[in-house]
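Please find below my notes on the model, set out as numbered points. They are meant to be read with the structure open.

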Amino acid sequence: WRSSATCKPWQSGRFLPRVWERCQPPSRKGINTTAGQGQQVGMREKQVLEDLEMPLARRETETLFQEQPQTGNQYLEDALLRSYLKTHLPPKVLEEVNRDLERFGNRLLTKIKPLGWECELNPPVFRQYDAWGRRVDHIVTCSAWGRMKEIAAEEGLIAEAYERRYSNWSRLHQAVKLYLFSSSSGGFNCPLAMTDGAAKVIESLGIPRSLKNAFDHLTSRDPKKFWTSGQWMTERRGGSDVANGTETVARKQPDGTYRLYGFKWFTSAADSDVTLTLARVADAEGKVKQGSSGLSLFFLKVRDEEGKLNSIQVQRLKDKLGTRQMATAELWLDGAKAELISAEGRGVASISNMLNITRIHNVIGAVASMRRMISLSRDYARRRVAFGKLLKDHPLHMQTIARMEVQTRGAFLLLMEIVRLLGLVETNMASEQDQLLLRLLIPVAKLYTGKQASAVVVEAMESFGGQGYMEDTGLPVIVRDTLVLSIWEGTTNILSLDVLRSLTKSQGQVMAAFFSAAQQKLELASSTAKLEPAVKQTRDAISSLAQFTQVAGSKGAVTMELAARDFSYTLARIYAGALLIEHAARPDASSTDIAAARRWCNQELCPVATELENSSYEAEEAVVDGALVYEGSPACGSRL
């Protein structure tokens, strides 16, 4: 890969501009090193095979090289995305959105992708002191990171959802652009998630006068005015348990503002302009109320008008496995000036809108990473020769990629369904069933696609053989950045319990909405003979799920907690199956649409019913779980 003496991986002290750029070995007879310029696949295979027959002595002097995968305009190459938009968008909206996405796809390919790679190669650096010993706590980011912020504004990656020029379809248009942007964004999709969430919170509060300026900045298309937001929730005691883990105290000032004192353990996009954060308001005696009812929501600017930090000290930057392009820091709030924006004690309820949006962004990132890796993998299969033929001509290899493709299609349609529902809610066009379904599907989709993405990108990396493990191919970057998606915004177990809470709070109404919506989608395929097996499998799974909810409901809280994860997986698989069937029942559906639906429904759609039959959710099994985990551990004697 880099063995040739003529290779110059560092040009004039600058990093390589893109992930897949590599040194080209000199052309030689029988080998054309410039791939994809009118060359037929069969001829390329023949040439590579002839090269392999070169005398060993000569081959030892040649540069080792492999054909690198090449992808074009992401939008034009995404058949499922284009067919979905054609099916659902009104003709006039489709015409304009199609034109915008094709243009954006070209910009991603020629301008944005190289910037994303530059962000990866130049991660943020923390400079705590200046040359004269004065503390400055400056987080230095590369110029490409700043350019990404400008592009996000120019493309309206936040604004699109709030201008609503396409009414209820505006949110879907925004989500599709973010989906295309994600894998080329150099990690900038993360601050955009929190910016979108902050804008949503402010909008849900009615855009108070004191926050109007901030809302305008967060949703601006002007690069000079556009702000990004952070989301500072995680403290030293942990992340998801904010009710017991939040120690930050807010002290009211004579002018009505507050000063915040506390330590934020994990603050993503620490270079953002503003942030939302939780804190406990201290009373006149300095006492605070514990639990979630003691938490309030605050808005603060990270820097003052002179550019100085708002009584904030940067402790250090986090050394993360992935998303290294983005600054994540530990911060001391030592009297940071802030504005109370929720009712006192209603912080968790007020920030829930932000969490819903950031979880949807998490789904966008998961689906985008799967699509990106499959796009690269399928192109590589057209170029790489192994055991005498191209990878695409090895049935087992293609079966493996096809299985990843089916998973990605199910995840994609789940994402589109969520943003479609969100668009209806935001324009007051949603039915009660739509609202209930959205409440249920957001945590379900977040937890399921996060696990899907981790599995798919690792499998796709393997499809490149040893090259998949090479850092300078860029493939490990995608894998690392994907692995956070099952953790950020709530782990799989935490979100599974959130799914159960949605059942309890709605007194079971969310399940009625789920069953009704899934059955309605299956009805659309009743006249499509090729989908009959998939429809039957899904209906059987729905019946099994209904039986489970009745049985488990009589067994108590322990049973439901033990079943929470499998229950959530069941919801995801059944609903994604119904969506795939609905998509395959279109008059102009392709044979691959039908195949994807049938293959998805061939998997175990209702694992929770199977495990109930296996008695996996009995209280005695929980005891056995502990015994299995701690056998041989020093803790065994005290824990069991």
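**Strand pairing around β10**

1. Strand β9 (residues 312-317) pairs with β10 in the antiparallel sense, over five bridges. Within this pairing, Arg316 has Glu330 of β10 as its bridge partner. The model is a predicted one, and the points that follow should be read accordingly.

2. β10, which covers residues 329-340, also runs antiparallel to strand β6 (residues 258-267), and eight bridges join the two. On this side, Phe263 is matched with Trp332 in β10.

3. A further antiparallel partner of β10 is strand β8 (residues 295-301), joined to β10 by two bridges. Here the bridge partner of Phe298 is Leu340 of β10. Two bridges are enough for the pairing to count, because the criterion is at least two DSSP bridges between the strands.

**Helix α18**

4. How far apart are the end C-alpha atoms of helix α18, and what span should its 28 residues have? Helix α18 runs over residues 557-584; at 1.5 Å a residue the expected span is 40 Å, and the end C-alpha atoms lie 39 Å apart, which agrees.

5. The end-to-end figure should be read together with the local geometry: α18 bends by about 55° at Ala564. I would ask that both values be reported, the 39 Å separation of the ends and the bend at Ala564.

6. Is α18 mostly covered or mostly uncovered? It is mostly covered, with 21 of the 28 residues of α18 buried.

**Cysteines**

7. The structure holds zero disulfides. Two cysteines may be looked at individually for their accessibility. Cys190 has a relative accessible area of 12% and is therefore buried, since the cut-off for that class is under 20%. Cys601 is buried as well, with a relative accessible area of 2%.

**The protein as a whole**

8. The secondary structure of the protein amounts to 22 helices and 12 strands. α18 and β10, discussed above, are examples of each class.

9. Of the 640 residues in the protein, 54% count as buried. The accessible surface comes to about 28,900 Å², and carbon and sulfur atoms account for 51% of that area.

10. For contacts in the protein between residues at least 6 apart in sequence, 73% join residues at least 24 apart.

Note on methods. Residues numbered from 1 in each chain as written. Predicted model: local features only at pLDDT ≥ 70, side-chain atom pairs only at ≥ 80, totals over all residues. Heavy atoms only, no water. Disulfide = S-S within 2.5 Å. Buried < 20%, exposed > 50% of the residue type's maximum accessible area, 1.4 Å probe, protein only. Helix = DSSP H or I, 4+ residues; strand = E, 2+ residues; numbered from the N terminus. Expected span 1.5 Å × (residues − 1). Bend = angle between axes of the 7 residues up to and from the residue. Contact = heavy atoms within 4.5 Å. Areas by Shrake-Rupley, 256 points an atom, 1.4 Å probe, with all protein chains shown as cover.
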